[in-house]
Amino acid sequence: MTRFRVGLIGTGPWATATHAPVLAAHPDAELAGVWGRRPEAAAELAAAHATTAYEDVDALIAASDAVAFAVPPDVQAPLAARAARAGRHLLLDKPVATDAAAAHALAGEVERAGVASVVFFTLRFAPPMADWLAARAQEGPWFTGRADWYSSFYAADGTGAFDSPWRASKGGLWDVGPHALSVLTAVLGEITSVTAAPGPADTVHLVLRHAGGASSTATLTLCAPERASGVTLEFRGERGTASPEAFGETGWGDSGVAFQSAVSALVTAAHAGRPHACDVRFGAHVTEILAAAENQVSALDGATQGGRTRTQAS
């Protein structure tokens with residue numbers, strides 16, 4: 001089988017630490033080149049992996065069979081649509097966009113072009129967690145689920161290990177929310193409705209309904225106190241309670257191994273012509289759920305501020 005030529009769009013920490021080295025070493029793929037908004041960073045990353053730095057994104061797309069993205073979501077969506085229109089398969093990061101209309105527009109472009117797509121929801125590709133989720137899905141039905149992401153992302157000086165303006169602006173709902181929704185969906189099925197409420201700082205609480213009748217909850221934040229940080233994943237049903245042991249080690253595994261699995265999944269989907277469970281349509285649905293939650297939180301925050309204003313005025 002001819003090795004898949006994958007162009008990389010992005011030069012930030014994830015592109016440098018995970019995307020580029022995995023693509024350069026993958027047995028069924030090759031790193032076809034790099035494009036970034038900072039040409040000097042693209043040149044440096046390309047040189048590190050013996051590939052080409054492109055000054056024009058369309059030239060990179062033309063030189064590739066597929067395009068991988070390591071850029072902010074609202075930069076990703078229009079560039080990915082551009083690549084799809086050119087007939088290129090897509091390896092997308094999560095969330096695919098932070099606007100439901102943009103996400104669905106991208107999904108439409110992918111469908112019209114007939115190209116394959118995979119969204120890198122890390123835990124759906126990390127071998128220990130992917131296997132655990134598949135086993136739990138087979139054991140159902142489950143009554144409820146819970147996925148809580150209490151992340152202590154920011155240091156005392158306000159910086160984060162993978163800091164970026166979009167994370168600072170969008171918070172835990174959009175950064176760790178896709179992880180929570182992806183694992184809950186894997187076991188409980190499609191999410192059909194969401195109710196959201198704000199907590200302290202960027203914290204958001206979600207109550208979710210699933211197509212099979214189960215319900216679940218999620219608490220999401222990047223601003224938990226360091227000693228209160230942690231991740232909980234739990235399902236309850238006739239078999240009792242299921243939760244992965246040592247989540248931090250067993251769940252995440254090596255991000256490079258997970259990304260390698262995602263690349264393999266894209267290659268398989270492209271050659272077989274069958275959609276992957278974590279394709280752009282699923283990614284668009286996750287964006288739709290998160291956008292609905294964001295709107296509810298904004299409305300509640302607005303009502304709270306309005307109530308305070310009226311109280312102060314009286």
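## Packing and backbone features of a predicted model

The buried residues of helix α2 are covered by elements that include strand β1 (4–9), helix α1 (13–25) and strand β2 (29–35). The structure described here is a predicted model, and this report starts from helix α2 before turning to the nonpolar core, two helix pairs and several backbone features.

**Helix α2 and its two sides**

Helix α2 spans residues 39–48, and its buried residues are A41, A42, L45 and A46. These four lie on the same side of α2, because they cover an arc of only 130° around the axis. The other side of α2 carries the exposed residues P39, E40, E44, A47 and A48. Just after α2 comes A50, with a positive phi of about 55°; this residue is taken up again below.

**The largest nonpolar core**

How many residues make up the largest nonpolar core? The core has 97 residues, and those with the most contacts inside it are L8, I9, F69, L90, L92, L106 and L206. Helix α12 (residues 280–313) supplies the largest share of this core, namely nine residues.

L92 can serve as an example of the surroundings of one core residue. Leaving aside residues up to four places away in sequence, L92 touches F69, Q76, A80, L106, V118, V119, F120 and V280. Two of these neighbours, F69 and L106, are themselves listed with L92 among the residues that have the most contacts inside the core.

**Two helix pairs**

Helix α4 (residues 73–85) packs with helix α5 (residues 100–113) at an angle of about 10°, and their axes are 9 Å apart. The two helices are therefore roughly parallel, a description that applies to angles under 35 degrees. On the α4 side the contact is made by A77, A80, A81, A84 and R85, and on the α5 side by A102, L106, E109, V110 and A113. By class, eight of these residues are nonpolar, none is polar and two are charged. A80 of α4 and L106 of α5, both part of this contact, are also touched by L92.

Helix α7 (residues 127–139) and helix α9 (residues 177–188) form another pair, whose axes come within 7 Å and cross at roughly 35°. Here L133, R136 and A137 of α7 meet V183, A186 and V187 of α9. The classes in this contact are five nonpolar residues, no polar residues and one charged residue.

**Cis peptide bonds**

The table lists two cis peptide bonds with their omega values and the place of the proline in each.

| Cis peptide bond | Omega | Place of the proline |
|---|---|---|
| K94 and P95 | about -15° | P95: loop between β4 (89–93) and α5 |
| G140 and P141 | about 10° | P141: loop between α7 and β6 (142–150) |

The loops in the table adjoin helices discussed above: P95 lies in the loop that leads to α5, and P141 lies in the loop between α7 and β6.

**Positive phi values outside glycine**

Where does A50 lie? A50 is in the loop between α2 and α3 (57–62). Its phi is near 55°, a positive value in a residue other than glycine. A50 counts as exposed because its relative accessibility is 76%, and the cut-off for exposed residues is over 50%.

A201 likewise has a phi near 55°, again positive in a residue other than glycine. The place of A201 is the loop between β7 (191–198) and β8 (204–210). A201 is exposed, with a relative accessible area of 69%.

Notes: Residues are numbered from 1 along each chain as its sequence is written. This is a predicted model: local features need pLDDT of at least 70, side-chain atom pairs count only at pLDDT 80 or more; totals for chains, interfaces and linings use all residues. Side-chain values use heavy atoms; hydrogens and water are left out. A nonpolar core is a set of buried Ala, Val, Leu, Ile, Met, Phe, Trp, Tyr and Cys residues joined through side-chain atoms within 4.5 Å. Buried means under 20% relative accessible area, exposed over 50%, partly exposed in between (1.4 Å probe, protein chains only). Contact means heavy atoms within 4.5 Å. Axes are lines fitted to C-alpha atoms, for helices over the stretch in contact, and angles run from 0 to 180 degrees between N-to-C directions. Angles under 35 degrees count as roughly parallel, over 145 as roughly antiparallel, 65 to 115 as roughly perpendicular and the rest as oblique. Ala, Val, Leu, Ile, Met, Phe, Trp, Tyr, Cys and Pro count as nonpolar, Asp, Glu, Lys and Arg as charged, and the others, Gly among them, as polar. The arc is that of the directions from the helix axis to the C-beta atoms.
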